[in-house]
Structures are given as structure tokens and as C-alpha cells.
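Me: Could you give me a close look at one strand pairing, and at how the elements elsewhere in the chain pack and are covered? I'd like a connected account that I can follow with the viewer open.

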Amino acid sequence: MKIPGGGKLQRAVRKLQKRFASQAVILMYHRITEVDLDPWSLCVTPKHFAEHLEVLQTSAHPIALQQLAQAHRDGNIPPRAVAVTFDDGYADNLLFAKPLLEQYNIPATVFVTTGHIGTQREFWWDELERVLLQPGKLPEQLSLVIQGSTHQWNLGKAADYSADDYRQDYGKKAWEAKSDSRLFFYYSVWQRLQPLPAQERLQVLDDILTWADAAPLARGTHRSLLPAEVCSLAQGELVEIGAHTVTHPFLSAQSTALQRQEIQESKVYLEALLNRPVSSFAYPHGNYSQQTLSLIREAGIEYACSTEENTVWRDSDRFQLPRFQVHNWNGEKFTQQLLRWFHD
């Protein structure tokens, strides 16, 4: 017999079950450093990161992601468990994050984009920011051929970008930029480049460099890890290295063959470099499809992280573990967020 409103009742019961079940929070960081401009809110200062770790040490149960995945599988998630993760593989994860993790004895997992290990170029979104979001004047029109189609941007007043404009954009998010601003121009170009395969995107970036009369120089502040630094990061018991593809693609926009290559080759590379199994994975941009999930299992990945913001509880899918992105909050604000995530 079908009970009227049964669907709503089931959802309410499920919500109550989750509310009182053991839950965990997985935190997603990217960078621990200070920069002049951060259009994607990827950076947390070392000072604030230390405050976050102190809060976790005193008010939560810090746990390695690998231990959390096992506890989830066993149906025994510790109360107020929190796992720390990093995406991409910036050098500052070793230079600034690991010493603080060691100071507070808090484990973390770093998901590394293997194609950028030791490269002389920045991650593409950083290179695009360096070229388009530096004070100065750009040509008033940009025309790019992308996958056979021509795309044009008329910069208008955004062609001029003063030092004051640059300073005012500090702390602003790219997706919230005003439509006539240089920051919005950057965001609009980024949207066109995001779903492209790596080689096509690199060609378009080269075209932008030529248009802007800029060179592909990597800033020391934005570089990725070197092979030896990945090994140093993994030394000891605190840091686990996970896979994050080879080129950081928008996976659902790629062919099955390319997705398989991105997933398997990143895992194999890291296992050869570290001489140990790599069992975890994080989806670039938090993007994937049902087909991607099958390929993850096929590659021998044991658990994977998404960017869906939710707590981990007994019914969570171990190949779609949710995470909360952490912003550059001070310790007080971070505490408030942690309480909110735990529904306190």
C-alpha cells in the first residue's frame, strides 16, 4: 500500500537518521600561502591554517582520509572525525603546509596532478590569471579559434587595468565579477578553456600569450611540486599522496579512452615515484560522470573525493566522498563553519 506523502516522510526519516548518526567532515584545501590575487579562493595563509589546525586538535577528531574510508567501510565512523585534503599539488603544500601538519600532528592527503610535477609552466588557470590579471593595458579585442569556432571578446574599458583596479580585485571571486571588469573578462575566457583537452587548451593559451605579448614564465609562488618534493611530502606517517589525473581535465567532457588514461596514468606514475600503492583519487573540478565512477573502480582506486559539500555518513558512496572547501578564514570563523557542518 502506498502511503500518501510517503516520499516526504522517508526523506524526513533519512534526514533524522543522518542527523544523529556518526558523521565526518572532509576538508578541501588547495594552497597554503599568501598571494596578491586569488580569484578562485584557493589560498589560505599559513597563519590561518595554523589556527584551523589548532581548532581541529582541540575541538574535533583529526583522522587520516585512509582511516576514515576504512571506518566508513566498517560502519564505524568516529564522532566528529575530520580529514584534511589538498588538491592539485602546489609546492607550498610541502613548504608551508607540511611543517604545520607536523607541528600539530594532523594527517592529510594531497591529491597530485602528475602532469604538472616538475613542469616549467603554471597550472593553466594560474597562467591565464598571470597574463590577464596583471596591471597594464591589453589589446581591446581578443579573437580565439577554439575547436573550430571563433570566439571574440571586446574588452572595452577593461583593456586598461590599473594598479588600483588590481588591488581592489584582491579577495574578489572570479564568478562574482562585474560584467565590464577585467576580472569578468578573465572568468569568461576561463569558461571557454575549462572543458578543453589539455593539448588544445595549451594551444589556446599560447595564442593568448602571443596576443598579450607575454612569455610562459612560471612564478616561484605558483609552481607545482618537483618529483623529489612529492617524495619528501610523502615521507613519514602524516601525508598520503592520492591521484588527481595527469592534466586536470573536466573528466565528463572527455572520451572514455582519455578518461581511463588520465586516471590510470596518474596512479601508475605516483606508484612508481613513491614505490607504494596509491589508493585514493579526487575528481578535478569535482566533475565526473557515472562512466568515470566505473573507470575509477577499474583502475583499482579504493575511495575517491568529490567537491559536493556534505558530511560523510554511513550511506555515503566511497567513490563520491563529499568535501567542504575551506577558505581563508581566521580560527574563529573556521570554528563557526565547523560547527555548522556538524549541525551543532
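Reply: Happy to! One cut-off first: a residue counts as buried when its relative accessible area is under 20%, as exposed when that value is over 50%, and as partly exposed in between. Please keep in mind that this is a predicted model.

Let's begin with strand 8, which covers residues 141-146. One face of strand 8 is covered and carries Leu 142, Leu 144 and Ile 146, whereas Gln 141, Ser 143 and Val 145 sit on the uncovered face. The partner here is strand 9 (residues 149-154), and the two pair in the antiparallel sense through 6 bridges. To see the register, start from Ser 143, whose bridge partner in strand 9 is Gln 152. The two strands form a hairpin with 2 residues between them, and in that hairpin Gln 147 takes a positive phi near 50°.

Strand 6 (residues 108-112) makes a useful contrast, as both of its faces are covered. Ala 108, Val 110 and Val 112 are buried on one side, and Thr 109 and Phe 111 are buried on the other. With 5 of its 5 residues buried, strand 6 is therefore largely enclosed by the rest of the structure. Its pairing with strand 5 (residues 81-88) is parallel and has 5 bridges. Within that pairing, Thr 85 stands opposite Thr 109 of strand 6.

Now to the helices. Two packed helices are described by the angle between their axes and the distance between those axes. Take helix 5 (residues 124-132) and helix 8 (residues 198-212): their axes lie 10 Å apart, at an angle of about 10°. An angle under 35 degrees counts as roughly parallel, so helix 5 and helix 8 are roughly parallel to each other. The crossing of these two helices is left-handed. Helix 5 brings Trp 124, Glu 127, Leu 128, Arg 130, Val 131 and Leu 132 to the contact, while helix 8 brings Arg 201, Leu 205, Ile 208, Leu 209, Trp 211 and Ala 212. By class, that contact of helix 5 with helix 8 holds 9 nonpolar residues, 3 charged ones and no polar ones.

Helix 8 also packs on helix 7 (residues 182-193), where the axes come within 10 Å and cross at roughly 150°. Angles over 145 degrees count as roughly antiparallel, so helix 7 and helix 8 are roughly antiparallel to each other. Here Phe 185, Val 189 and Leu 193 of helix 7 meet Arg 201, Val 204, Leu 205, Ile 208 and Trp 211 of helix 8. The residues of this contact divide into 7 nonpolar, 1 charged and no polar. If you select Arg 201, Leu 205, Ile 208 and Trp 211 of helix 8, you pick residues that take part in the contact with helix 5 and also in the contact with helix 7.

Another helix pair is helix 2 (residues 46-59) with helix 4 (residues 92-104), with axes 10 Å apart and an angle of about 30°. That angle makes helix 2 roughly parallel to helix 4. Their crossing is right-handed. On the helix 2 side you will find Pro 46, Phe 49, Ala 50, Leu 53, Glu 54 and Gln 57, which meet Phe 96, Ala 97, Leu 100, Leu 101 and Tyr 104 of helix 4. This contact of helix 2 with helix 4 contains 9 nonpolar residues, 1 polar and 1 charged.

A few single residues round out the tour. Ala 71 belongs to helix 3 (residues 65-74) and is buried, because its relative accessible area is 11%. Beyond four places in sequence, Ala 71 touches Asn 76, Ile 77 and Pro 78. Gln 66 also lies in helix 3, but at 46% relative accessibility Gln 66 counts as partly exposed. Setting aside residues up to four places away in sequence, Gln 66 touches Glu 240, Ser 279 and Tyr 303.

Last comes Glu 229, in helix 9 (residues 227-234). Its relative accessibility is 12%, so Glu 229 counts as buried. Apart from neighbours within four places in sequence, Glu 229 is in contact with Ala 91, Leu 94, Arg 223 and Ser 224.

Methods
Residues are numbered from 1 along each chain as its sequence is written. This is a predicted model: local features need pLDDT of at least 70, side-chain atom pairs count only at pLDDT 80 or more; totals for chains, interfaces and linings use all residues. Side-chain values use heavy atoms; hydrogens and water are left out. Axes are lines fitted to C-alpha atoms, for helices over the stretch in contact, and angles run from 0 to 180 degrees between N-to-C directions. Helices (H or I, at least four residues) and strands (E, at least two) are DSSP runs, numbered from the N terminus. Angles under 35 degrees count as roughly parallel, over 145 as roughly antiparallel, 65 to 115 as roughly perpendicular and the rest as oblique. A crossing is left-handed if the near helix is turned anticlockwise from the far one by less than a right angle, and right-handed if clockwise. Contact means heavy atoms within 4.5 Å. Ala, Val, Leu, Ile, Met, Phe, Trp, Tyr, Cys and Pro count as nonpolar, Asp, Glu, Lys and Arg as charged, and the others, Gly among them, as polar. Buried means under 20% relative accessible area, exposed over 50%, partly exposed in between (1.4 Å probe, protein chains only). Two strands pair if DSSP finds at least two bridges between them.
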